[in-house]
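Open the model in your viewer and keep the selection panel at hand. The stops below go from a small selection out to the whole chain.

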Amino acid sequence: MPTTEPSAPIDVPRGLKGVVVTETSIGDVRGAEGFYHYREYSAVDLAQTRTFEDVWHLMFHGTLPDAAELATFRARTAALRHLSPDVAEALPAIARSTALSGPLAGLRTALSLAGASAGFRPLYDIDPERRRADALAACAAVPTLVTALHRLGQGLAPVEPRDDLPYAANYLYMLTGQEPDPAQARAVESYLISTVDHGFNASTFTARVIASTGADLAACLVGALGALSGPLHGGAPSRALDTLDAIGSPDRIDGWLRERVLAGDRIMGFGHPVYTTEDPRSRMLKGIARGFGGDLVDFALQVEERAEAILAELKPGRDLHINVEFYAGVVMELCGLPREMFTPTFAAARMVGWSANVLEQAEDSKIIRPVARYVGPAPARPVPAA
């Protein structure tokens, strides 16, 4: 990137759409092609053929591990799943305080506490190896934190992590207290891999902005969680299922969809700000859903077919397709995840991508500091007497 700075502010599109703000070697989203990748590998291919720990290693170290490296990495990250006593003791109070807001809100507080308890120091003050160690600790602890908060909110005791289970299976085990069905564990693992990273979305950019200040890793991740909590970003999987519930039956599909589209309402689970073709994640998740089968899957397929036809008719030229949230909600429902855990589950996976971006940003000492164009009353107005 050029290092010279402009002498005057530059106008850019709203939302920074299409504006290049940095260079990255982590991954990329090619919206016109319906393709995205982690490092040099197709993210969907990784989700279909590798484990979550494989991809975690790839994001942090830049390479897919061999068998020995994977075994070492699994053992290290499994050991980091266990919470310190002071953090574990605080979780019931956090769960009570965030009962009305849910586990994602509780996770923001718990993750901040975990970082402080572990002594996370500003990125600016530590070397790359310590930064990576902090990132590993945070990513390993988040599934334990969020499942514990959920269970406490349900009046249940947290379930201790198991070091012998892979990441996704352990996540479901801590959530339910039962060792998961292998097919369900693999389906959730594929979903988690597919959501590790996805370009410079709002939460990833937020994490990098905070990292550019030299703040500690927990601060960066908590900021990213705040961005993710917005329904226009990470809150749509459960809302897509809510759409299916609201429609209710096949005979109501056309009428319900036409009414909402004509009213200008957004249909959750359709359209994406980057993809102008089919979202590759939705294609993969649709295949997983079809593998499970059942009434919910059949109904989702009908809604998808009719919604795309109606959107094409009423919004010609928009080329709107389902996005990742539509079948993500279906798959997670089929795997037994409660809806209030859909976005926290997404967040648990995205921690790895956020952390990889934070580690990359920390190598650049330049703070991200754009400007705003003032459009208020003309200054300088005299201050009136009190």
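**The sheet**

Select residues 35-38: this is strand 2, which pairs with strand 3 in the antiparallel sense over two bridges. Strands pair here if DSSP finds at least two bridges between them. The model is predicted, and local features need pLDDT of at least 70, side-chain atom pairs count only at pLDDT 80 or more, while totals for chains, interfaces and linings use all residues. Residues are numbered from 1 along each chain as its sequence is written, and side-chain values use heavy atoms, with hydrogens and water left out.

Next, pick His37; Ser42 of strand 3 stands opposite. Add strand 1 (27-30) and strand 3 (41-42), the edge strands, each of which pairs on one side only. The result is an open antiparallel sheet of three strands in the order 1-2-3.

**The whole chain**

Now colour by secondary structure: the chain has 16 helices and three strands. These are DSSP runs numbered from the N terminus, helices (H or I) of at least four residues and strands (E) of at least two. The radius of gyration is 22 Å against 21 Å from the globule rule for 386 residues, so the chain is as compact as a globular protein of that length. That radius is taken over C-alpha atoms, and the rule is 2.2 Å times the number of residues to the power 0.38.

Show C-alpha atoms alone: along the principal axes they fill a box of roughly 60 × 60 × 50 Å. Finally, display contacts (heavy atoms within 4.5 Å): of those with a separation of 6 or more, 73% join residues 24 or more positions apart.
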